[in-house]
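User: I would like to go through the reasoning behind the descriptions applied to this structure. Please set each value against its criterion before concluding.

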Amino acid sequence: MKENRNEKSKQVESVILFKSEGGGNYLYSKKNNQILLIHPVLHYLIKLDQSDNDVKNWLENLDNGDIHIENYGHFSKEIIIHYYNKFKLLSENGYFDKVDHANRLSGRLNKKTVKSNFINTSSVVFEVTQNCNLKCVYCGYGKYYNDYEKRNGRSICPKIAKRYLDSLFKLWNVPEFRSFTKKVHIAFYGGEPLLNIDFIKEITQYVKKFDSPNIIFTFGMTTNGTLLHKYMDFLVENKFELGISLDGCERNNEYRVYKNGRSTFKTIIKNVRYLQEKHPEYFEKTVNFISVLHNKNSVEEIVDFFIKNFNKMPIISEINPGGIDPKKKVEFLKFFKKYNESINQVKDFTILKKNILRVPEIKEAFYMIMNYCGFIYKDFRSFYFSPDNRSFIPTSTCVPFYKKTFITAYGTVLPCESVRHKYALGVVDESRININFQQITDKYNEYYDKIKNQCFTCYNAKRCGVCALTIGIDGDKPICYGHMDYDAFSNYLGSCISTLEKNSSLYKKLIKEVLIS
Amino acid sequence: MNSKKSYWLYIDPYVHISVKNTTALLYNTLNGKVLEVKNTPSVIKIIKQLKMLDNTYVIKLFQREYKKPEIAKFINNISDLFMGGLLDTSWYKKKPIQIIPELRIMDSPYRFLGMKGENWGRDILSKLIEISLYINSRSKNNHSKINNTFKQFLFPSSTSNDKNELNIEQLKKIICQCKHSNLYNINILGDSIINYSYLRELVSFLNTIPMKKSYFLHYTDFKDFRNFSRFINFLNNSQTKEKIILNIFFNFLLEEKLFTQVLEFLKVQHIKINYCFVIQKEEDFEEAELKVNKYDIANHSYFPFYNGKNLKYFKDAIFLTKKEVVEAKPSQKEILRRTIINDTKFGKLTILSNGNIHSDVNSPKLGDFGTHSILEVLYKEVTKGKSWRQLRSNVLPCRKCTYQYLCPPLSNYESAIGRNNICHIWGNGKQ
């Protein structure tokens with residue numbers, strides 16, 4: 001039970017004590033993955049134990065008088081004995097047992113998993129064209145970034161896309177294919193994808209040949225909306241899930257401009273209104289807005305604009321801070337804005353709370369419940385098989401091909417569109433597909449090896465939200481910005497519990513509405 | 001005490017609470033202690049409030065409430081049993097919370113039921129945990145009536161009135177697919193698996209996969225010594241012996257000489273063996289115990305068999321009392337599991353020698369071996385089947401009983417006996 005706090009930086013303690021803003025004392029047991037509200041006397045005894053005291057001995061030497069606990073008052077020996085017995089009960093049931101944190105985080109990727117994920121992938125995204133009719137100031141392929149694949153306005157060759165899809169489709173009969181019915185999402189990304197509508201039409205038609213009662217293809221696209229008037233009937237007919245990029249009102253949208261610097265706002269709004277009028281049902285069910293946060297807008301302004309004009313809650317993201325040319329970093333930071341900072345300035349939360357997970361503190365409370373309360377499991381496997389017997393892969397880097405695959409206009413295969421080209425998984429051309437599962441496995445295990453020592457001392461490793469590919473993992477000494485020591489983790493848990501304490505119906509809402517079972 | 005003084009009454013999250021009408025049960029999953037509350041409306045009201053998701057196992061009590069004798073007694077009880085306690089409200093600026101034990105599994109197939117979902121079948125293979133293959137029937141050409149023992153527990157017997165066996169190539173195909181599921185155990189059974197036409201090929205193939213393999217034989221199979229010893233040799237020569245277990249079954253009345261011959265033969269083998277005794281009456285149990293002691297049989301199990309005439313034996317020896325249910329000390333994980341799935345049936349498939357595929361042998365057929373893929377039958381069970389979701393909370397009288405999740409899940413015994421509660425907890429229509 002006893003641990004030397006001086007060793008705290010080298011190992012992870014089994015019990016974390018924390019306090020809510022409302023004054024509640026809580027403990028989190030790593031071994032049992034459970035949070036308990038605890039009486040101040042129990043809290044006092046655990047603190048004694050953590051400070052290397054022999055609690056039993058301390059109790060035996062205690063005279064019959066009361067003990068005083070600051071802020072809580074006096075407690076009789078009888079009460080102390082009661083909570084000592086509770087302390088023993090928790091102890092006997094493993095609450096203070098050590099967890100071999102390093103061993104638990106020593107998971108390795110294997111070739112079989114990578115191959116299986118490739119076969120069972122759920123989403124393929126094509127970079128239809130590098131061309132774009134806009135020149136947005138913060139574009140990921142613009143002047144502020146220096147680590148992207150060379151761009152020369154190339155459009156993807158349909159044969160490349162077909163070659164990739166063929167290789168995937170033919171694997172749906174192999175034993176590794178784990179699904180009976182399944183949705184497979186085919187998405188189109190740019191540049192501006194509508195500049196290469198012929199490719200989109202050709203591929204949409206092509207995959208339909210493979211349609212079956214069991215495999216349902218869905219289509220999606222992110223567009224700047226300027227060409228929507230020309231192709232909306234096709235998109236509606238094929239039920240495209242549409243994401244339209246727009247940063248809010250005209251002033252908010254000033255960074256989204258044509259190549260000649262002219263504003264795009266009026267054209268986009270005109271097209272969106274036309275779509276809404278012509279296909280109201282499709283617009284309501286299938287169209288979303290995607291906004292980028294910067295110094296000319298705010299979360300509140302963006303949400304207000306879309307709710308008032310289209311009764312829609314937009315997806316809001318920060319500008320990608322990775323891959324910035326060091327020479328332009330100062331200039332970049334002038335228009336970069338953090339989501340959490342912007343949301344803290346929101347005056348009226350009632351609109352946001354229609355989608356409660358958009359509120360960062362609620363989102364964090366939700367993830368805390370998921371990861372640290374022992375009653376929510378990602379899948380049956382983790383529920384059935386005790387976590388003690390399993391090891392996890394460090395960081396939250398997506399295992400290759402698990403969620404999606406991104407194919408660039410050159411045929412480079414990437415884990416997703418947000419990942420830089422140096423992390424390519426393979427290439428595909430008109431005649432062959434070159435993906436080496438063993439090489440990918442080795443490469444990823446190398447990445448994990450570089451970061452794992454930081455994970456071993458991270459109290460929040462289980463709820464890690466850091467993708468290793470975004471922290472310069474290919475460099476010599478990558479530093480994880482999400483690392484948490486004891487105090488940071490204790491504060492994190494305290495803040496999440498405080499969120500739940502502030503709103504008594506929130507826990508029910510999260511369990512009933514978000515975690516339906 | 002100050003008359004306006006108030007306390008937060010809390011229950012710890014490791015405590016399971018069940019309330020049915022005028023009865024409540026609190027069960028401490030750490031020490032196995034139980035607190036039953038009956039016919040005390042004021043206390044039942046408090047327990048119901050504590051259990052509400054809005055209240056998260058914490059409610060405020062004022063002096064006028066906690067001074068009431070029955071409430072004071074309840075508070076003392078939960079404190080003594082380490083189920084919860086009181087916290088002075090003046091210590092807190094906000095109401096503290098406990099994380100109430102409500103199980104959610106994010107990829108549960110049942111999450112999607114009732115919702116539009118082409119994705120129900122996604123990753124369905126990962127739901128497969130155990131598969132039982134009855135590879136042959138009537139292999140010994142005997143024409144006696146089919147023994148229904150296999151409908152109560154895994155037992156080596158014919159499952160069809162016709163002579164038949166499963167096709168080896170199709171078997172290999174299924175086993176191959178199982179490698180990509182979460183399968184941890186394959187059971188190989190039949191009328192007499194030692195007579196299976198492709199036994200060597202099957203055992204060799206099974207040796208190539210990493211899951212646990214359980215083979216089932218009846219001790220009378222020893223009469224065919226040539227095939228019996230050949231089979232044991234296959235197992236002995238396996239490179240993955242640590243993953244193999246041989247279950248050998250004995251029925252009473254035992255053929256004494258044969259019994260000792262089997263024991264003598266098996267005790268020198270280098271494989272894990274479990275000796276399984278089928279029990280139909282108290283005398284069978286006594287005799288089995290005698291044998292276990294006399295021959296020093298370490299690994300053994302008893303399997304009660306309901307033959308339609310021995311209900312009294314079941315009531316006397318098998319039906320559970322409250323004490324036995326609690327003494328089994330179900331863990332919180334087990335209890336939570338029982339709220340959403342049938343723990344003894346979930347993830348399991350059985351393929352009979354005639355090719356019929358079932359989730360369990362008492363449930364309707366899901367498909368045909370060779371015609372329907374494993375993915376398809378798994379999908380059918382998840383979307384239309386009832387076996388994996390056979391919960392005590394859905395059947396009477398368990399639905400009305402506070403012990404519903406402390407009791408083991410519904411098993412095939414309930415089907416055989418024809419009643420849902422094989423316990424003494426519920427009698428004369430009351431708990």
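Analyst: The model is predicted. A suitable starting point is the pairing across the two chains: strand 12 (residues 376–377) of chain A and strand 7 of chain B run parallel and are joined by 2 bridges.

User: What makes strand 12 of chain A and strand 7 of chain B a pair?

Analyst: Pairing requires at least two bridges between the strands. There are 2 bridges between strand 12 of chain A and strand 7 of chain B, so the criterion is met. One of the residue pairs is A:Tyr377 with its bridge partner B:Ile105.

User: How many residues of each chain are in contact across the interface, and which elements of chain B supply at least two residues each?

Analyst: The contacts involve 51 residues of chain B and 47 residues of chain A, where a contact means C-beta atoms within 7 Å. On chain B, at least two residues each come from strand 6 (84–88), strand 7 (104–105), helix 4 (168–178), helix 11 (332–340) and helix 12 (374–383). Helix 12 of chain B gives the most, with 4 residues. By class, the side of chain B that touches chain A comprises 25 nonpolar, 11 polar and 15 charged residues.

User: What are the confidence scores of the model, and where in chain B is the pLDDT below 50?

Analyst: The ipTM is 0.90 and the pTM is 0.89. Chain B has a mean pLDDT of 91, with 94% of its residues at 70 or more. The pLDDT is below 50 over residues 112–116 of chain B, a stretch that has 3 contacts in the model beyond near neighbours in sequence.

User: Which domains are assigned to each chain, and what separates their centres?

Analyst: In chain A, the assignment gives domain 1 (5–97) and domain 2 (130–337). The centres of domain 1 and domain 2 of chain A, taken over C-alpha atoms, are separated by 53 Å. Chain B is divided into domain 1 (6–91), domain 2 (122–318 + 346–388) and domain 3 (321–345 + 390–431). For domain 1 and domain 2 of chain B, the centres taken over C-alpha atoms are separated by 47 Å.

User: Why is helix 14 of chain A called roughly perpendicular to helix 17 of chain A?

Analyst: Helix 14 (residues 360–372) and helix 17 (residues 486–502) of chain A pack at an angle of about 110°, and their axes are 9 Å apart. Angles of 65 to 115 degrees count as roughly perpendicular. Helix 14 of chain A is therefore roughly perpendicular to helix 17 of chain A. From helix 14 of chain A, the contact involves A:Glu361, A:Ile362, A:Glu364, A:Ala365, A:Met368 and A:Tyr372, which meet A:Leu493, A:Cys496, A:Thr499 and A:Leu500 of helix 17 of chain A. The residues of this contact divide into 7 nonpolar, 1 polar and 2 charged.

User: Why do strand 5 and strand 6 of chain B stand at the edges of their sheet?

Analyst: The sheet is open and antiparallel, with 3 strands of chain B in the order 5-1-6. Strand 5 (58–62) and strand 6 of chain B each have a single partner strand, so one side of each is left without a neighbour in the sheet. The twist from one strand to the next averages 30°. Strand 1 (residues 6–11) of chain B is joined to strand 5 of chain B by 5 bridges, and B:Tyr7 stands opposite B:Leu61. Helix 3 (residues 69–80) of chain B packs on this sheet, touching strand 1 and strand 6 of chain B, and its direction makes about 110° with that of strand 6 of chain B.

User: Which strands are the edge strands of the sheet with the order 2-3-4 in chain B?

Analyst: This open sheet of 3 strands also has antiparallel pairing. Its edge strands are strand 2 (15–20) and strand 4 (34–38) of chain B, each of which pairs on one side only. Here the twist averages 10° from one strand to the next. Strand 2 and strand 3 (residues 23–28) of chain B pair over 6 bridges, with B:Ile17 and B:Leu26 as bridge partners. Helix 1 (residues 41–51) of chain B packs on the sheet and touches strand 2, strand 3 and strand 4 of chain B.

Definitions and conventions: Residues are numbered from 1 along each chain as its sequence is written. Chains are lettered from A and ligands numbered from 1 in the order in which they are written. This is a predicted model: local features need pLDDT of at least 70, side-chain atom pairs count only at pLDDT 80 or more; totals for chains, interfaces and linings use all residues. Two residues are in contact if their C-beta atoms, placed from the backbone, lie within 7 Å. Ala, Val, Leu, Ile, Met, Phe, Trp, Tyr, Cys and Pro count as nonpolar, Asp, Glu, Lys and Arg as charged, and the others, Gly among them, as polar. pLDDT is the predictor's confidence in each residue, from 0 to 100. Domain bounds come from an automatic or database domain assignment. Axes are lines fitted to C-alpha atoms, for helices over the stretch in contact, and angles run from 0 to 180 degrees between N-to-C directions. Angles under 35 degrees count as roughly parallel, over 145 as roughly antiparallel, 65 to 115 as roughly perpendicular and the rest as oblique.
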